[in-house]
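Subject: Structure handover and notes

Hello,

I am passing on the structure we talked about, and I would ask you to open it beside these notes. Please look through it once before reading on, and then follow the text with the residues in view.

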Amino acid sequence: MWSSLNDWLWHERFWLPPNISWAQLEDRDGLVFPHPRDTLMAVPLALALVVVRFTFERFVGLPLSRWLGVRNQTRRPAKPNATLEKYFLMKGRKPTESQMNLLATQCGLTLRQTQCWFRRRRNQDRPCLTKKFCEASWRFAFYLCSFISGTMVLYHESWLWTPVTCWENYPHQPMKPGLYHWYLLELSFYVSLLMTLPFDTKRKDFKEQVIHHFVTIILISFSYSLNLMRIGSLVLLLHDSSDYLLEASKLFNYTHWRRLCDTLFIIFALVFFYTRLVLFPTQILYTTYYESIANLGPFFGYYFLNILLVVLQLLHVFWSCLILRMIYSFIKKGQMEKDVRSDVEELDSSDGEAAEECPQMKNGAAQRSGAAPTDGPRSRASSRMANGHTPDT
């Protein structure tokens with residue numbers, strides 16, 4: 001039964017152009033062609049990348065963050081409370097006011113104390129700044145190395161400059177070693193991103209990122225199996241050309257180098273818009289939709305490839321809208337609006353509540369703990385200084 005299912009799944013009429021069989025893509029006369037089974041190598045390589053990543057973050061990212069002055073905010077931990085902890089884990093991180101009142105009654109706390117507990121408990125789960133820095137430094141290092149490697153591999157290839165040549169003599173296109181290694185490395189990296197997703201910082205576009213990773217893995221595996229590596233390599237290079245700029249911008253954001261951060265983000269936005277809203281639809285989608293079937297005719301693999309590429313383009317439009325909001329904020333306010341970026345994490349104080357619980361006096365005026373009395377020699381001296389009088393020395 002497994003053999004029959006495998007034969008049906010990999011039937012030539014699904015994946016290959018008419019009158020083309022898998023037998024024609026077997027290695028011969030010193031020519032090597034891609035085979036679907038080769039993609040299984042991505043799993044052990046992805047595990048190796050996970051090890052490399054955590055080693056990099058521990059011995060490179062963390063010391064670099066300290067050297068650049070990245071400091072974690074001091075957070076006051078929530079006091080142990082079994083009832084509130086159970087609700088937090090099982091029912092929700094942000095209860096409504098009525099639920100908050102009920103929980104306060106059950107625990108013998110005031111409403112303000114209960115709100116303060118949930119605020120501090122949420123802050124405990126938010127990643128610290130050094131963790132964000134280490135993750136961004138790893139992605140920056142990989143994307144930059146991948147972009148440089150891809151440029152070196154494709155620079156002398158005709159299809160980099162003229163995408164229509166991706167379909168010359170397709171699918172009888174021998175695979176080159178450099179392209180094979182770079183392709184497999186990219187596939188392994190995106191598989192490793194899925195493996196570490198539960199441990200990474202959750203971002204506002206988490207669902208879109210998951211969809212992007214799955215579509216990318218399927219697209220890389222599919223294009224490799226069908227010897228569509230030429231057009232697939234162009235898609236990978238277009239993505240890598242802007243990704244490392246975004247990660248660099250985030251690194252300088254965490255170090256509070258605002259001017260350099262904003263400059264890099266503007267450069268990233270320009271590269272992103274040009275590569276993903278201009279080059280991707282006019283060069284990639286055009287050649288896969290029109291020029292790919294000029295001499296072959298449509299087949300199932302043709303439709304499947306274009307569907308995946310259209311999904312990627314929709315994600316590009318989604319992220320472009322977020323970037324435009326960032327740029328609009330920059331023009332209007334003179335600074336970037338952090339919580340609108342596609343992958344900027346939620347700030348610790350994003351719930352908008354006060355960080356400390358302030359006891360109230362009987363007359364309703366709040367007084368900070370440890371504040372000086374409103375009367376007395378020190379208070380009177382301060383009052384005179386505030387009015388422009390300085391004590392004699």
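UniProt annotations may be inferred rather than shown by experiment, and this is worth keeping in mind for what follows, since the model itself is also predicted. With that caution, the unreviewed UniProt entry carries the annotation "transmembrane region" for residues 39-56, 140-160, 180-199, 260-280 and 300-328.

Two of these spans can be described further. In the model, residues 260-280 are 100% helix and 0% strand, with 28 Å between the C-alpha atoms at the ends. Residues 39-56, for their part, are 83% helix and 0% strand, and their end C-alpha atoms are 25 Å apart.

Helix α3, which runs over residues 42-67, holds E57, and R53 is found in helix α3 as well. Are these two charged-letter positions, R53 and E57, buried or exposed? R53 has a relative accessibility of 5% and therefore counts as buried, and E57, at 12%, counts as buried too, because the cut-off for that word is under 20% relative accessible area. If we set aside residues up to four places away in sequence, E57 touches L62, C134, E135 and W138. With neighbours within four places left out in the same manner, R53 is in contact with E135, W138, T196 and D200, so that E135 and W138 appear in the contact lists of both residues.

On the surface, Y274, L277, V278 and V317 form a nonpolar patch, and together they have about 320 Å² of accessible area. Which helix gives the most to this patch? It is helix α12, covering residues 258-289, which supplies 3 residues. V317, in turn, lies in helix α13, made up of residues 300-333. The relative accessibility of V317 is 38%, and so V317 counts as partly exposed, because that term applies between the limits of 20% and 50%.

Finally, a word on the cysteines. How many disulfides does a search of the whole structure find? The search finds 0. Two of the cysteines can be placed by their accessibility: C116 counts as buried because its relative accessibility is 4%, and C261 counts as buried because its value is 0%.

With best wishes

Key:
Residues are numbered from 1 along each chain as its sequence is written. This is a predicted model: local features need pLDDT of at least 70, side-chain atom pairs count only at pLDDT 80 or more; totals for chains, interfaces and linings use all residues. Side-chain values use heavy atoms; hydrogens and water are left out. Patches are made of residues with over 30% relative accessible area and no salt bridge: like charges are joined within 9 Å, nonpolar side chains (Val, Leu, Ile, Met, Phe, Trp, Tyr) within 5 Å. Accessible areas come from the Shrake-Rupley method with a 1.4 Å probe; for residues, only the protein chains shown count as cover. A salt bridge is a side-chain nitrogen of Lys or Arg within 4 Å of a carboxyl oxygen of Asp or Glu. Helices (H or I, at least four residues) and strands (E, at least two) are DSSP runs, numbered from the N terminus. Buried means under 20% relative accessible area, exposed over 50%, partly exposed in between (1.4 Å probe, protein chains only). A disulfide is a pair of cysteine sulfur atoms within 2.5 Å. Contact means heavy atoms within 4.5 Å.
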